[in-house]
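Trainee: I would like to learn how to read a model like this one. Where should I begin?

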2 protein chains.
Amino acid sequence: MSRHDIYALLCPGRAVFELLANKWTGLAVTALADGPRRFGELRRKLEGVSPKVLTATLRRLEDNGLVLRTVHAEVPPRVEYELTALGRGALEPLAHLRSWVRAHVDDFGPAVR
Amino acid sequence: MSRHDIYALLCPGRAVFELLANKWTGLAVTALADGPRRFGELRRKLEGVSPKVLTATLRRLEDNGLVLRTVHAEVPPRVEYELTALGRGALEPLAHLRSWVRAHVDDFGPAVR
DNA sequence: AGCAATGGTTCCCTTTGGATAGTAAGGGCC
DNA sequence: GGCCCTTACTATCCAAAGGGAACCATTGCT
């Protein structure tokens, strides 16, 4: 039962939902939509993210199989992040959400906060 | 420009996105899908939420026009929460995300965190 | 008087998020 | 040789959000 009730504390679906329902996760995944990106690129694209939090976000995505992290043994270092098949799948509902937001931004008050 | 770049710090769309991309917000909105619900009902449905956090979540949704809060002057008190038209709109992409999660839970490792 | 029901609020502690500074390693420059 | 440049982080410290437990106000019931 709890296996199918996303509101249940122990439902695995809820854990996945909470992984995606995060301030930076959604932005990070969609930022990888068009192919591999380097750490610094993402850092600049996701305005306001600190390196620590970006690292944590990407690591969490990597641990959950949404993102592949490739370290190139060069100097200066080059690390590339790209979506896995699972990550590309998650892109779809995330992009859907994003496009809804885009279409309805103006329905929100000026102090969206 | 920043008006259309969800990654920009000042983009209103990003603020809306961050409102929805929250651990409890998505669950709360979908929990209201089938009509008005009372505080206690939501509290029981969203397993693990503390009254303080539930209050804050609902207030934020109310402030942003997604939820309507109605206090009935009775004893014991009765407070009902229901989605506004805007909230019902947000339901759609959220439900989409939820159904994707449902379909792909098993693609995630056993330690989804 | 005491208890139950409801929708919170208050206090305190833990977890998470965020800002800033520092580190390692090699290459180019002088 | 000594110095700086770049990159992708870690380390440290502090603020904000999340979470647990207790308490409150009101009225009816027993």
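Mentor: Begin with the polar contact: a pair of N or O atoms within 3.5 Å, where within protein one must be able to donate a hydrogen and the other to accept it, and residues adjacent in sequence count only if both atoms are side-chain atoms. This is a predicted model, in which local features need pLDDT of at least 70 and side-chain atom pairs count only at pLDDT 80 or more, whereas totals for chains, interfaces and linings use all residues. Residues are numbered from 1 along each chain as its sequence is written, chains are lettered from A and ligands numbered from 1 in the order in which they are written, and side-chain values use heavy atoms, with hydrogens and water left out.

Trainee: Which atom of DNA strand D does a polar side-chain atom of A:R59 lie 3.1 Å from?

Mentor: A phosphate oxygen of DNA strand D is 3.1 Å from that atom of A:R59. In B:W24, a side-chain N or O atom lies 2.7 Å from a phosphate oxygen of DNA strand D. The backbone can take part too: a polar backbone atom of A:P77 is 2.8 Å from a sugar or linking oxygen of DNA strand D.

Trainee: Which residues around DNA strand D come nearest?

Mentor: A residue is near a strand or molecule if one of its heavy atoms lies within 4 Å of it. DNA strand D has 20 residues around it, and A:R69, A:Y81, B:K23, B:W24 and B:K52 come nearest. Of the atoms of DNA strand D within 4 Å of the protein, 69% belong to sugar and phosphate.

Trainee: Which elements supply at least two residues each of the surface near DNA strand D?

Mentor: Elements are DSSP runs numbered from the N terminus: helices (H or I, at least four residues) and strands (E, at least two). For DNA strand D they are α3 (39–45), α4 and β3 of chain A, together with α4 of chain B. The largest share is that of α4(A), with four residues. For classes, Ala, Val, Leu, Ile, Met, Phe, Trp, Tyr, Cys and Pro count as nonpolar, Asp, Glu, Lys and Arg as charged, and the others, Gly among them, as polar. The surface near DNA strand D then has nine nonpolar, four polar and seven charged residues.

Trainee: How many residues are around DNA strand C?

Mentor: There are 22, of which A:K23, A:W24, A:K52, B:R69 and B:Y81 come nearest. Here sugar and phosphate make up 65% of the strand's atoms within 4 Å of the protein. An N or O atom in the side chain of B:R69 is 2.6 Å from a phosphate oxygen of DNA strand C, and a polar side-chain atom of B:R38 is 3.1 Å from a phosphate oxygen of the strand. A backbone N or O atom of B:P77 lies 2.8 Å from a sugar or linking oxygen of DNA strand C. Two or more residues of this surface come from each of α4 (51–63) of chain A and α3 (39–45), α4 (51–63) and β3 (78–83) of chain B. With four residues, α4(B) gives the most.

Trainee: How do I compare the two chains?

Mentor: Two copies of a chain are related by a rotation about an axis and a shift along it. The copies are superposed by least squares on the C-alpha atoms of residues with pLDDT of at least 70 in both. Here a turn of 180° and a shift of 0.0 Å along the axis lay chain B on chain A with an RMSD of 0.1 Å. That is how a two-fold axis relates copies. The C-alpha of B:A21 is the one in chain B nearest the axis, at 2.2 Å.

Trainee: How many residues of chain B are in contact with chain A?

Mentor: With contact meaning heavy atoms within 4.5 Å, 49 residues of chain B touch 49 residues of chain A. The copies meet through the same surface, because 100% of the interface residues of chain B are also interface residues in chain A. Buried area is the accessible area (1.4 Å probe) that two parts lose on being put together, summed over both. Between chain B and chain A it is about 4600 Å², with 70% from carbon and sulfur atoms. In chain B, the residues losing the most area to chain A are B:Y7, B:F17 and B:W100, together 17% of what that side buries.

Trainee: Which side chains meet in a salt bridge?

Mentor: A salt bridge is a side-chain nitrogen of Lys or Arg within 4 Å of a carboxyl oxygen of Asp or Glu. The count between chain B and chain A is one, and it joins B:E18 and A:K23 (4.0 Å, N to O). Across this interface, 17 residue pairs are in polar contact, both residues at pLDDT 80 or more. On the side of chain B that touches chain A, α1 (12–20), α2 (25–31) and α5 (85–104) of chain B give two or more residues each. The most come from α5(B), with 13 residues.

Trainee: Which peptide bond in chain B is cis?

Mentor: Most peptide bonds are trans. The bond from B:V75 to B:P76 is cis, with omega near -5°, and B:P76 lies in the loop between β2 (67–72) and β3 of chain B. In chain A, a cis bond joins A:V75 and A:P76, with omega about 0°.
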